[in-house]
Each structure stands twice: as structure tokens, then as C-alpha cells.
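Thank you all for coming. I would like to walk through one structure with you this morning, slowly and piece by piece, so please have the sequence and the picture open as I talk.

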Amino acid sequence: MATDDQNGSGAATTFDVIVIGAGPVGENVADRTVQGGLSTLIVEKELVGGECSYWACIPSKALLRSGAALRAARAVPGAREAAVGDLDVGAVLARRDSYVSNWSDEGQVKWLSGAGIDLVRGHARITGEREVTVNGTRYSARVAVVVATGSAALLPDIPGLAGASPWTSREATAVASIPESITIIGGGVVAVEIATAYTDLGAQVTLVVRSRVLGGFEEFAGEAVAEALRSRGATIITGASPSGVARDEAGRVTVTLEDGRTLESEELLVATGRVPRTEDLGLEVAGLEPGGWIDVDDTMLVRGSDWLYAAGDVNHRALLTHQGKYQARAAGDAIAARAAGRQLDDAPWGTHVATADHAAVPQLVYSDPEVAAVGLTSTAAEKQGVRVRSVDVPIGNVSGASLHAEGYEGTARMLVDEDRGVVVGFTMVGPDVGELLHAATIAVVGEVQVSRLWHAVPSFPTMSELWLRLLEGYGRPE
Ligand SMILES: Cc1cc2nc3c(=O)[nH]c(=O)nc-3n(C[C@H](O)[C@H](O)[C@H](O)COP(=O)(O)OP(=O)(O)OC[C@H]3O[C@@H](n4cnc5c(N)ncnc54)[C@H](O)[C@@H]3O)c2cc1C
């Protein structure tokens with residue numbers, strides 16, 4: 001429980017821990033510190049649940065799911081004949097609305113209260129060591145302040161862009177009616193997922209990509225996704241950058257590319273990356289640069305501080321909800337252990353450190369086909385000087401896959417560290433590969449010897465038999 005020290009003399013209200021930002025990460029830090037016996041205040045300036053619940057993961061996946069379900073049915077004779085007609089766009093948008101609770105955070109506020117976490121609404125600023133001010137009221141933290149303020153869309157400096165009312169992922173995921181056409185600047189995960197959803201929902205989509213589609217993933221994955229988007233009517237222009245943007249009086253947007261080409265559409269989405277929400281946070285009080293990403297150690301303690309932590313998107317370690325929540329569990333437990341004077345378990349893979357951020361971040365792109373990856377890509381292995389052997393298999397050769405969908409097409413790549421004999425990277429592209437990702441994550445995190453993986457027998461006839469094909473490709477130890 002929080003202790004109220006307010007005595008009319010201007011003294012701050014005191015808690016053990018103050019968390020700034022009630023996104024998925026802030027909520028999880030607070031949950032762990034309360035479970036560790038520490039009174040905890042969380043401060044939120046918009047909706048409890050954060051970006052993920054209302055303008056990112058949840059609404060984007062809700063917009064994507066109906067198209068994916070229809071495609072899955074159409075890939076199986078017998079079901080295909082029953083899956084006639086187009087998507088009901090109104091029903092898709094209504095389902096999205098229900099998943100974001102019509103942008104009401106009532107349910108999440110109830111959860112906070114049930115978890116014993118105090119909530120204050122408003123913009124928090126750090127105003128002193130272990131002190132946060134919200135709406136003119138000062139709060140002090142006996143133990144720690146945790147910054148979990150997340151990230152916002154980056155708007156690049158393109159002439160005319162700011163005045164052309166561009167969409168960010170917020171407008172694209174909260175859309176009330178699908179535009180007839182949309183230009184998307186960017187080729188990363190957000191751009192690709194919105195392009196997939198919007199082509200399903202009937203928009204004419206054009207992607208403008210500086211280098212290649214899904215540049216951070218194995219090249220074969222990006223190529224498969226780009227080819228599928230093209231085959232469904234999207235235009236993808238790679239190796240291109242916009243030099244100007246304008247919206248005319250009729251409301252249409254024109255994007256001019258550096259080579260002089262022009263693209264016209266009803267809406268424009270900018271999906272070119274993220275910036276940290278640290279601009280107006282009082283970080284200078286802690287000797288940090290406002291507007292920058294926050295550098296932390298593996299317990300999420302800000303380097304050089306003994307009271308300030310930063311978890312989730314804002315520390316730039318891995319901009320994903322599940323990874324931020326993992327950091328939150330480590331940080332919350334580390335704060336509680338330090339407060340109780342207990343020894344930290346902070347060697348690599350210990351309770352109080354987020355070691356997986358460095359070696360085993362799972363990521364799923366909900367495109368069609370899906371892309372699922374964990375650990376290193378071939379390029380990252382080369383850059384890090386890890387001596388890997390790469391094995392590729394066509395997933396369609398696995399009987400479970402051909403039963404799953406007629407003419408299944410996909411590829412899986414396993415990277416084995418040749419010096420240690422363990423899997424260090426795994427990438428799959430193909431319909432419904434997402435649910436296969438956790439097995440790969442366990443292999444990478446567990447540093448399971450390839451020789452032992454031969455004893456992890458996949459059930460017949462599942463898609464997981466791709467592991468057998470990969471092991472056969474790698475070769476059985478003598
Ligand atoms: C379109 C899109 C789709 C995505 N899909 C997925 C997905 O499928 N899976 C996945 O794992 N990740 C996904 N992500 C990434 C995911 O949304 C983020 O990694 C996640 O939201 C980060 O959580 P967070 O708690 O760090 O920050 P946020 O969710 O951004 O929450 C931060 C909170 O802090 C509050 N805040 C900020 N400053 C202050 C202040 N000064 N005072 C008080 N409150 C403040 C904000 O209002 C916000 O509520 C997606 C991102 C986008 C853009």
C-alpha cells in the first residue's frame with residue numbers, strides 16, 4: 001500500500017516505487033514490485049495499457065486475423081468451396097473495436113487496482129532525485145523510479161510531410177473506414193503488416209521502401225513477403241526515397257520520389273521507425289539527454305544511477321511487447337531484491353537480468369506468409385564473427401505442411417554455431433509458422449546441442465517435422 005505523507009506543508013506523497021507509463025511494460029514492472037512487497041505508484045498520461053493495447057499489437061492483429069483466416073480456409077479443398085465471398089470490412093473493424101474496448105481502459109484500470117497498484121493520471125516529469133511531479137503534485141520514491149514511457153512514430157524530415165496530415169501507425173490501426181488507396185513509406189514490420197491488412201480490406205497499397213522489404217530479417221523472408229504482396233495487387237517500389245509530399249485541396253496526397261516519379265493516394269502512412277518518449281520527462285535531472293534512448297544495464301538500471309531504471313521500448317533493446325514485459329519481470333524483481341538487501345542473481349541467464357535481449361529475441365511478422373525469427377540472421381552472425389553453418393529446407397516438403405495447406409510454400413533456415421554445436425538463429429517464412437517459433441526460441445535460449453535435438457522427436461504429421469528435415473540437412477553426428 002502507498003503511504004500518504006502529505007501533511008499540508010508541501011511534502012511529497014511517498015511510495016517505494018514510481019513507474020512512469022502504464023503500457024504493458026510499466027504494468028508488469030509495477031506488478032512485480034508490488035509482489036515483491038513494495039508500494040508502487042504508476043503514472044499514465046493517456047490510456048492504461050499503452051500503445052500495444054490500443055494503437056499497435058492488438059488492433060493491428062485484429063485487422064489482420066480475418067484475412068488470414070479466410071486465406072487459410074481457401075487453402076484447403078473442401079473448406080475452400082464453403083469460403084466464398086469477400087471479407088466483411090465492417091465486421092472486421094467492429095471486431096477490432098471490441099479488442100481495443102472502444103479505446104476505454106476501464107478493464108485495465110480494474111486490473112491495476114486488483115493487483116494493488118496505485119494509479120495517477122497525468123504527464124509525469126522527474127523533478128529531483130527519486131522525485132516525480134504530476135499535475136503540480138510531487139511524489140517521491142523511497143527505492144526507485146522506473147521510466148516505461150515507450151516510443152512514438154518517427155516522422156522523417158521530408159519537405160511538405162508534416163503539413164500533409166500523414167498517418168502514423170496510430171491512425172492506421174484506429175481507422176474508421178478503409179481508404180480506397182494508401183501510400184506507405186517504409187518497409188519494416190509495421191509497414192508490411194499494415195500493407196497486408198489493408199490489401200485484404202480492399203485498399204490499393206503502394207509501399208515505398210528505401211532498401212528492401214523486412215531489411216532486418218533474412219533476405220529470403222522479405223522476398224517471399226514482397227512477392228506475395230505484389231501478387232495480391234500491392235505496388236512495391238524498392239531502393240526509393242521520397243523527396244517531397246503535398247496534399248491538394250481535394251484531399252489527395254502526392255509523394256514525389258527522388259527520381260522524379262510521383263505517387264498519388266487518398267492517405268499516406270509513415271512507418272519509418274520509432275523515437276523514444278523522453279523529450280519532456282525531466283531526464284536532465286538525472287544527467288541524461290532529453291529525447292534520447294535510455295542506456296541501461298541488464299537489470300534495466302540506468303547506467304551511472306542507483307535509483308533510475310528504464311524498461312521497454314524506451315531503452316531500445318528490443319521494441320516488442322513480450323521482450324519489454326520480460327525486461328519488466330527482471331527489473332521489478334531486481335528492484336525488490338535490492339530493496340530487501342538480497343543478493344542479485346545477475347549472472348547471464350539469472351533471474352534479475354534480461355540476457356535474452358542479446359541472444360534470443362523472438363519476432364513474428366503477421367504478414368502473409370508469416371515470418372518468424374529468433375536469434376541471429378546470417379548477416380548478424382557474419383558481423384559478430386560467429387562461425388555458423390546454415391541449413392535451409394523448403395517447408396512444403398514436410399507432410400504436415402502439405403496437409404495444412406494445399407501447395408504449401410515456405411522456407412526454414414537454421415544457423416548452427418560450428419564452434420559450440422548449438423542453434424543460434426532460426427528463421428521461417430510460410431503460412432502459420434508463428435506457432436512454431438517457440439520451439440526454436442527454446443532451442444536457442446537453452447543452447448541445446450544439435451546432437452541432442454535428434455532426440456526431440458516432432459509428432460507426425462505436424463509442420464514441426466521441419467526440424468527433422470533441418471537436422472538431416474545438417475547431418476547426424478558420427
Ligand atoms: C503498429 C504496431 C504493431 C505492433 N505489434 C506488435 C506485436 O504484434 N507484438 C509485439 O510484441 N510488439 C508489437 N509492437 C511493439 C509494441 O507496441 C511495443 O513494443 C510496446 O507497446 C512497448 O511497450 P511499452 O510499455 O514500453 O510502451 P508503450 O506501450 O508505448 O506504453 C508507454 C506508456 O507510457 C505513457 N507515457 C509516456 N510518457 C509519459 C509521461 N511522461 N507521463 C505519464 N505517462 C507517460 C504513454 O502514454 C503509454 O501509455 C507493435 C508496434 C506498432 C507500432
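Let me begin with the ligand, around which there are 35 residues, and of these Glu44, Lys61, Ala124, Asp313 and Thr321 come nearest. Before I go further, please keep in mind that this is a predicted model, and that the values I quote are computed from it.

Which parts of the chain supply at least two residues each to the shell around the ligand? They include two stretches early in the numbering, helix α1, residues 24-35, and strand β2, residues 40-44, and they also include helices α2, residues 50-55, α3, and α9, residues 321-339.

Looking at individual atoms, we find a polar side-chain atom of Lys61 at 2.8 Å from an oxygen atom of the ligand, and a polar side-chain atom of His322 at 3.2 Å from an oxygen atom of the ligand. The backbone takes part in this list as well, since a polar backbone atom of Leu320 lies 3.2 Å from a ligand oxygen. As for how much of the ligand is covered, taken alone it exposes 1000 Å², and the protein buries 93% of that.

Two of the helices I have just named each hold a residue that I would like to show you in more detail. In helix α1 we find Thr33, and is this residue buried or exposed? Its relative accessible area is 0%, and because anything under 20% counts as buried, Thr33 is buried. A polar atom of the Thr33 side chain lies 3.1 Å from the backbone oxygen of Ala30. If we leave aside the neighbours within four places in sequence, Thr33 is in contact with Val17, Leu38, Thr40, Gly332 and Ile335.

The other residue is Ser60, which sits in helix α3, residues 57-74. With a relative accessible area of 8%, Ser60 is buried too, and its side chain reaches the backbone oxygen of Ala56 at 2.7 Å. Beyond the neighbours within four places in sequence, Ser60 is in contact with Thr173 and Glu193.

Now let us turn to the sheets, for which one general reminder is useful: the strands of a sheet pair through backbone hydrogen bonds, and they do so either in parallel or in antiparallel fashion.

One open sheet has four strands, in the order β10-β9-β8-β14, and its pairing is parallel. Its edge strands are β10, residues 235-238, and β14, residues 267-270, each of which pairs on one side only, and from one strand to the next the twist averages 15 degrees. Within this sheet, strand β9, residues 204-209, is joined to β10 by four bridges, and Leu207 stands opposite Ile236 of β10. Helix α7, residues 189-200, packs on this sheet and touches β8, residues 181-185, together with β9 and β14, while the direction of α7 makes about 165 degrees with that of β9.

Next come three strands that follow one another as hairpins. Strand β11, residues 242-247, pairs with β12 in the antiparallel sense over five bridges, with Arg247 standing opposite Val253 of β12. Five residues lie between these two strands, and in this hairpin Gly251 takes a positive phi near 95 degrees. Strand β12 is then joined to β13, residues 262-265, by four bridges, again antiparallel, and the bridge partner of Val255 in β13 is Leu263. This hairpin has four residues between its strands, and Gly260 in the turn has a positive phi of about 95 degrees.

What do the two faces of β12, residues 253-257, look like? The covered face carries Val253, Val255 and Leu257, whereas Thr254 and Thr256 are on the uncovered one. That pattern is easier to read once we recall that in a regular strand the side chains alternate between the two faces of the sheet.

Finally, there is an open sheet of five strands, in the order β17-β18-β21-β20-β19, whose pairing is antiparallel. The strands at its edges are β17, residues 363-365, and β19, residues 388-394, and each pairs on one side only. Seven bridges join β19 to strand β20, residues 411-417, and Asp392 has Arg413 as its bridge partner in β20.

Technical notes. Residues are numbered from 1 along each chain as its sequence is written. This is a predicted model: local features need pLDDT of at least 70, side-chain atom pairs count only at pLDDT 80 or more; totals for chains, interfaces and linings use all residues. Side-chain values use heavy atoms; hydrogens and water are left out. Two strands pair if DSSP finds at least two bridges between them. Axes are lines fitted to C-alpha atoms, for helices over the stretch in contact, and angles run from 0 to 180 degrees between N-to-C directions. Contact means heavy atoms within 4.5 Å. Buried means under 20% relative accessible area, exposed over 50%, partly exposed in between (1.4 Å probe, protein chains only). A polar contact is a pair of N or O atoms within 3.5 Å; within protein, one must be able to donate a hydrogen and the other to accept it, and residues adjacent in sequence count only if both atoms are side-chain atoms. A residue is near a molecule or strand if one of its heavy atoms lies within 4 Å of it. Accessible areas come from the Shrake-Rupley method with a 1.4 Å probe; for residues, only the protein chains shown count as cover.
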